[in-house]
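Trainee: Hi! I've just opened this one and could use a friendly tour. Could we look at it together?

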Amino acid sequence: MNDVLERLRADNPVRTGSAPSIDQVWARLERESAAPDRRRLRPARTLAFGMLALAPVVIVLAVVLALPGGRRVSGGSGAQGIGTVLVHYRTRTVYRPAASSGASFAYEFGTADVWVSGALRHRVETDYFVSRSGRPVGDPLHLELTTDGRLLEHFQSGSLSKVGELVQSRVGEQNPPCPLIVACGPEVSVDPLSEVRRLYGNGGLVLGAKGRRLNGRSVDELVSTGSGPPIRVLVDPQSLMPVEVIAQYGTGPWPASSLSTTTISNYRSSPLTPANRGLLSMRPHPGAKLMCGGPGGGGPVRPASPRGCRYTPSSPSTVQSIPPDLAAAFAVFRRPASNSDTLPAVNAVQLARGPATRGGVNPALARRVGDAQTSAFVVPGNGVVCLVVGGGHTCIARGGAIAGRLLTESFGASSFAEVVTGLVPDGVSSVTLRMVGGGSKKVAVHQNIYQADLARRATTMTYQGHSGHASVAL
Amino acid sequence: MNEVERRRSLEALFREHADAVHAYARRRVDAASADDTVGEVFAIAWRRLDDVRDPGLPWLLACARRVLANQRRGKRRAEALRSRLAASRLPSLPTAGGDGPLRHALNELGERDREVLLLTGWEGLDPAEAATVLGCSRGALAVRLHRARKRLEAALDRVEAREVSTETTEVVP
C-alpha cells in the first residue's frame, strides 16, 4: 500500500519553492491598511527623499548647492504624484560639527513644517539660523520649497541670502526610488512614518536596541544597513513612528563624526481636500520677483519673462568620454582616472535623480579635485559640467565652467558664514574673493579647485588666468 | 508583542517557511497565482500572528489551502453562468511532465482524498501536521489517509487498465 505513496512522492512536481520577497507582503498590508480608513496612513510609495528637514546637510548642501550659484529650488504646480492624503509633520534639526573641528557652534533649523501628499508633492517651510551655545547668531533665513517632481519652486528671505526671489526650475523627469534615507535631495518628499516602515520592511533599517529612553518615553532604535551615512532612527515601539533621527556625516567640509539630529513631532495624516490643498502651494512674499533656473539645473538664474519661465525639454545622451573642451581647459580632466575618483554613492544618487541627468552627466567620468581637505569632484556631461562638494552639487554649461563660473556656496564647518568652492581653468594659481562690507581673501588653487571658508558672504571672485582677468559675481 | 517584535516574528516565519508555502501553492496553481498566494498567506499571518502556533508550517499551509479555495470560488463565481458543472469540480492536476497515470488517478479523486495524499506525499508532512492543515484530529487523519490511499490505488488500476486498452487498440489494426 505504501507503494502508491512512494510513487506519489517521486512524482512531486515542485521540489522547492521560490517565494517572492517579503516586500510583497508589506506592500499588500500597507495597501490594505490604507484602503478602508482614510484617517490612517497612506501606503508608503514614497520615493525616499531622506526627509528634507531631516538633516541640515541635506538642506545646506543638497538644497543650497544643488542649484546654480547657491540658489536653490523645489516646487511645482502640476498634479504629478499627488496623493489622496495630506501628511503634515514638524521637525527641528541641529547639526553639530565634530569636536575635532574646533567649532563651537551648531546650525539649527527652527521648526520646519512639512506637508507631503503622494510620492512627490511636498512643501517645506522653515526658518533656520546658526547658533552658538543655543543662541541664534544673525537673522534667520526663511526658506520655502515646493515641488511636484517636475517643477521646483524656491523662495527665501533673510540677510544671508538674496531677498524676495521666487526661483523656478525644472527637475528630472525621472525619479527612480532612492535607496538612502537622507540623500536624495529636495525634489522628492517623504512621509516619515511610511518611509521608516518601508525601510524596516525591506531591511534598510534593522532593530539596533530596544527599550531606550527618550524624554521620558520608551523607544526602540533602528539602525541603517545601507552604504550611505550611518543613521539611527528612534521609533515608537508600537507604531514605528520616528521621533528622532540621528545621521552622521564625514564628507566634504563636514568633519568625521559630525552629527545631525532631527526630532519629528505633530505627525498628522488627513484626507487631501480642496480646502487643505493650498498647504502644498508656494506662498512667497507679495512682490517676490520671479526668477528662472538654468536649463539642466545649471547656468545662472535669470529674471522670468512676462510669460514666466519656459523650459525646453531635452534629454541628451550620457556623455561617454571626457569632452575635448574640458580636457583642454582643465588638467584634472586630462589625467587618467583612479580609484579615488569614484563618486560617493550619495552623490551619484543625487546626480542620477536630479536635473543633472538632463545634462547627460556621467558619474563614471568623475574626477576628484583639490586636496585631501577639499574632497570635491567634477563630473562632465553633454553640455554641462558639475561640481560635487559634500552632499550637494552644482551644474552649469561647460562654457561657463571654462570661464570660471562653476562654484558652490555652502555653510562651513569652521565658521558660520559660508564655504565657497570653485573650479577654475589651468594657469590660475589663486583667486580673490571679495566680501560683503569690504575686505577680500586670496585663496590658493590646487588641481583647478579653490575652497575658502569665509567669515562673511562673498560677492565676487576674481582671478588672473591665461585669458586675462576674470570676475565672477556670486 | 509590540510592532517591532511582530515584524521580526513575521520576518522569521517568512524566512523559514515562505518557500514551502510557495511550493505548496505552485503544485496547485500557476506561478503568478502562487506568488499572490504567498503574499496573501503572510498578510493573514501578520493579522493573526498570535494564532500562529509552532511549528508554523501547518498553520500556514492550512491558510494557503483556504486562500486557494477562495481563489477557486472567486473564479467559479465568475464562470458560474458559463458552466455550473465545471464549477463544481476541482481543477485538474497537469498530467504532462509527470507520472501521467498517477496524475490522472489523482484527478479522479475528490478534494478530501486528493489533499490528504498530497500533503503527505508532496508536502512531506507527518500525520500530525497534515491533521493541523486539514483541521481534523490525528485519528481522523489516519482514517482519511488510509481510505484515500485505497481510492488512489483503485483509481490507478482503472487508469492503467484504460491505458493498456488504448494502447492495444492502437497497436492492433
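Trainee: Let me start with one residue: is Asn12(A) buried or exposed?

Mentor: Happy to help! One thing before we begin: this is a predicted model. Asn12(A) counts as buried, because its relative accessibility is 11% and the cut-off for buried is under 20%.

Trainee: Okay, and where does Asn12(A) sit in chain A?

Mentor: You'll find Asn12(A) in the loop between α1 and α2 of chain A. A polar atom of its side chain lies 3.2 Å from the backbone nitrogen of Val14(A).

Trainee: Which residues does Asn12(A) touch, leaving out those up to four places away in sequence?

Mentor: Those are Arg27(B) and Trp122(B).

Trainee: Those are chain B names, so let's talk interface. How many residues of each chain are in contact?

Mentor: On the chain A side 35 residues take part, and they meet 43 residues of chain B. Together the two chains bury about 3,500 Å², with 60% of that on carbon and sulfur atoms.

Trainee: How many salt bridges cross the interface of chain A and chain B?

Mentor: The rule finds two salt bridges there. Arg7(A) forms a salt bridge with Asp99(B), and their closest N and O atoms are 2.7 Å apart. There are also 10 residue pairs in polar contact across the interface, both residues being at pLDDT 80 or more.

Trainee: Which elements of chain A give two or more residues to that side?

Mentor: They are α1 (2-10), α2 (23-34), α4 (192-202) and β7 (205-214). Sorted by class, the side of chain A that touches chain B has 16 nonpolar, 10 polar and nine charged residues.

Trainee: Switching to chain B: where is Arg28(B)?

Mentor: Arg28(B) is in the loop between α1 and α2 of chain B. With a relative accessible area of 19%, Arg28(B) is buried. Its side chain makes a polar contact of 3.0 Å with the side chain of Glu123(B).

Trainee: Which residues are linked with Arg28(B) in a network of salt bridges?

Mentor: The network joins Arg28(B) with Arg27(B), Glu115(B) and Glu123(B). Beyond its neighbours within four places in sequence, Arg28(B) is in contact with several residues, including Leu68(B), Leu118(B) and Leu119(B).

Trainee: And how many salt bridges are there over all chains?

Mentor: The search of the whole structure finds 17. One of interest to us joins Arg65(B) and Glu111(B), at 3.5 Å from N to O. Arg65(B) is in helix α3 (residues 56-79) and Glu111(B) in helix α6 (residues 111-121) of chain B, so the pair ties together parts 46 residues apart in sequence.

Trainee: What about Glu108(B) and Arg158(B), how do their side chains meet?

Mentor: They meet in a salt bridge too, at 3.2 Å from N to O. Glu108(B) belongs to helix α5 (residues 100-108) and Arg158(B) to helix α8 (residues 138-171) of chain B, so this pair ties together parts 50 residues apart. Glu108(B) is partly exposed at 36% relative accessible area, and Arg158(B) is partly exposed at 43%.

Trainee: Last topic, rings! How many aromatic pairs are there over all chains?

Mentor: The count is two. In chain A, Phe330(A) and Phe333(A) have ring centres 6.2 Å apart and planes at 80 degrees, so the pair is edge-to-face. Phe330(A) is buried at 0% relative accessible area, and Phe333(A) is buried at 3%.

Trainee: And what about Phe14(B) and Phe42(B)?

Mentor: That pair is edge-to-face as well, with 4.8 Å from centre to centre and 65 degrees between the planes. Phe14(B) is in helix α1 (residues 3-26) and Phe42(B) in helix α2 (residues 31-47) of chain B, 28 residues apart. Both are buried.

Definitions and conventions. Residues numbered from 1 in each chain as written. Chains lettered and ligands numbered in written order. Predicted model: local features only at pLDDT ≥ 70, side-chain atom pairs only at ≥ 80, totals over all residues. Heavy atoms only, no water. Contact = heavy atoms within 4.5 Å. Buried area = accessible area lost by both parts, 1.4 Å probe. Salt bridge = Lys/Arg side-chain N within 4 Å of Asp/Glu carboxyl O. Polar contact = N/O pair within 3.5 Å; in protein donor to acceptor, adjacent residues only side chain to side chain. Helix = DSSP H or I, 4+ residues; strand = E, 2+ residues; numbered from the N terminus. Nonpolar A, V, L, I, M, F, W, Y, C, P; charged D, E, K, R; others polar. Phe/Tyr/Trp six-rings, centres within 6.5 Å; stacked < 30°, edge-to-face > 60°. Buried < 20%, exposed > 50% of the residue type's maximum accessible area, 1.4 Å probe, protein only.
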